[in-house]
Amino acid sequence: MRGLALALAGSVLVAPAPVAAADEVPDDEVCGQARPDRDYDPRPRDVADESSVAAPLRLAEAHRIATGDGVGVAVIDTGIDPGVGASGRLRLRDGSAVPGMKKALFDIHGTLVAGLVAGHLDERDLGVAPDAHVVPIRVADGGQAVVESYGDDEGLRGVTAANIAAGIRLALQRADRDQIKVINISLSVRTQDDALDRAVREAERAGILVVAAAGNRPQAESGDSDDNAFEPGEDRLPWPARTDSVLAVTALAPDLSLDPAAVETGPGVDVSAPVVGAATLGPEATVCRVADLATSWATAEVSGLAALLFETFPDITPEEVRTRIIATARGSAGASLEGAGMVQPVAALTAELAVDDDGRLATMETQVDPPPPLDTPRVAPDELADARSSLRWWALGAGGALVLALLLRPLVARRH
């Protein structure tokens, strides 16, 4: 996605950096260079030793239920700095790469993504699934070789549909060995590709959920964000997020609102997640905070949530995981530019949902035929009806005799 073209381009791993102290998450260390038009304060709202997204996502509660243990997440990206694995702050498996990648690791994008999925800082959890293990699949190089094409960028090596499809196939080859249940793709392309579509379908058949970024909005030439805002009716969702079986993710601003001038929204987006202030892993296992609003980071968080669900429900299918995440998200009533809304890990892990055989949320069957007419109520026979009728006639007779006696009384009195 355009997260690779956000000003992370050019961030080069050249020398080991000092490792942050184990008892704190720095509140002033920014991950890479943020996009200048979407640069937020990355410091957490409350405490300096916790990720800013931990509270709104209720991660402490979710981690009492699951931590992603035993679940593999393939990160199809720019590679992951091996130093984060050596530090013990990420359960990192050996990586793979599509043909043509440079030997040196040039970009920290994949490392930041991996930390958001499963990073941890000794006893503190950074990622959404801190006990999951990450399998790096390198499909792009850093610097100016990594681009997201909104036009025809001929001659640039970088994020292509062919490379993403090849990365998915590499993940499928390692699925059994590395227990891969989730494929994270914080990348995107703007044109449909049959090979990429086939690779996504193969992943689903293999029992793997693909989670992909909805993409960031291109920069406005004038610098005015209003020139770049979402317009009703537009449909810009890229691939592979656009594919039906893929879980498409967009990102939320620090106040948990949607900024449609910064990230892609609208039709096809499934869920959203907060990102600014999230703590993750940088080069050589340094710890830093996300300061830019980008769907790369939100995608990583939702991939972590998927890992929690695969651990909690061992027999669950990718479609059922997708359904749980979407059905339990918190959004506004009616249509929403952020799909179902912000993911709710605790609800996704605990909700009792009725799911059809195809993994989709079950619904009430529509009543087609009118209901049958009700039978006329049967009235029980009145066994005292005759007695009441006789009594009524006796009462009428007695009443009549009394009235007659009162009328004749004056006449009888005159005769005497």
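Start with Ile183 of strand β7: its bridge partner in β8 is Val210. This is a predicted model, so take the pairing as something to trace on screen in that model. β8 covers residues 209–213, and β7 pairs with it in the parallel sense over 4 bridges. β7 has a second neighbour as well: strand β1, residues 72–77, also runs parallel to β7, this time over 5 bridges. If you want a spot to look at there, Val73 stands opposite Val182 in β7.

With β1 and β8 both paired to β7, how buried is β7 itself? Of its 6 residues (180–185), 5 are buried, so the rest of the structure largely encloses this strand.

Now follow the chain from β7 to β8. The path goes by way of helix α7, residues 194–205, and together β7, α7 and β8 make a right-handed β-α-β unit. A quick ruler check on the helix: 12 residues at 1.5 Å each should span 16 Å, and the end C-alpha atoms of α7 sit 17 Å apart, which agrees.

Which residues of α7 are buried? They are Leu196, Asp197, Ala199, Val200 and Ala203. Look down the helix axis and these buried residues fall within an arc of 160°, so they line one face of α7. The spacing makes sense once you recall that an α-helix has 3.6 residues a turn, so residues three or four places apart point the same way. What do the buried residues of α7 pack against? Their partners are α5 (161–173), β7 and β8. Turn to the face pointing away from that buried side and you'll find the exposed residues Asp194 and Arg205.

Helix α4, residues 109–118, tells another story: 10 of its 10 residues are buried, so it is largely enclosed by the rest of the structure. The buried set runs from His109 and Gly110 through to Val117 and Ala118, and includes Thr111 and Leu112.

Next, the nonpolar cores. In soluble globular proteins, nonpolar side chains tend to be buried together. Here the largest nonpolar core has 66 residues, and Val302 and Ile325 touch the most other members. Helix α8 (residues 295–312) gives the most to this core, with 10 residues. Zoom in on Ile325 and, leaving aside neighbours within four places in sequence, you'll see contacts with Leu247, Val271, Val302, Leu305, Ala306, Leu309 and Val343. Apart from this core lies another, of 36 residues, and among them are Val135, Ile185, Val200 and Val246. Val200 should look familiar: it's one of the buried residues of α7.

Conventions. Residues are numbered from 1 along each chain as its sequence is written. This is a predicted model: local features need pLDDT of at least 70, side-chain atom pairs count only at pLDDT 80 or more; totals for chains, interfaces and linings use all residues. Side-chain values use heavy atoms; hydrogens and water are left out. A nonpolar core is a set of buried Ala, Val, Leu, Ile, Met, Phe, Trp, Tyr and Cys residues joined through side-chain atoms within 4.5 Å. Buried means under 20% relative accessible area, exposed over 50%, partly exposed in between (1.4 Å probe, protein chains only). Helices (H or I, at least four residues) and strands (E, at least two) are DSSP runs, numbered from the N terminus. Contact means heavy atoms within 4.5 Å. Two strands pair if DSSP finds at least two bridges between them. A crossover is right-handed if, with the strands pointing away from the viewer, the path from the first strand over the helix to the second runs clockwise. The expected span of a helix is 1.5 Å times one less than its number of residues. The arc is that of the directions from the helix axis to the C-beta atoms.
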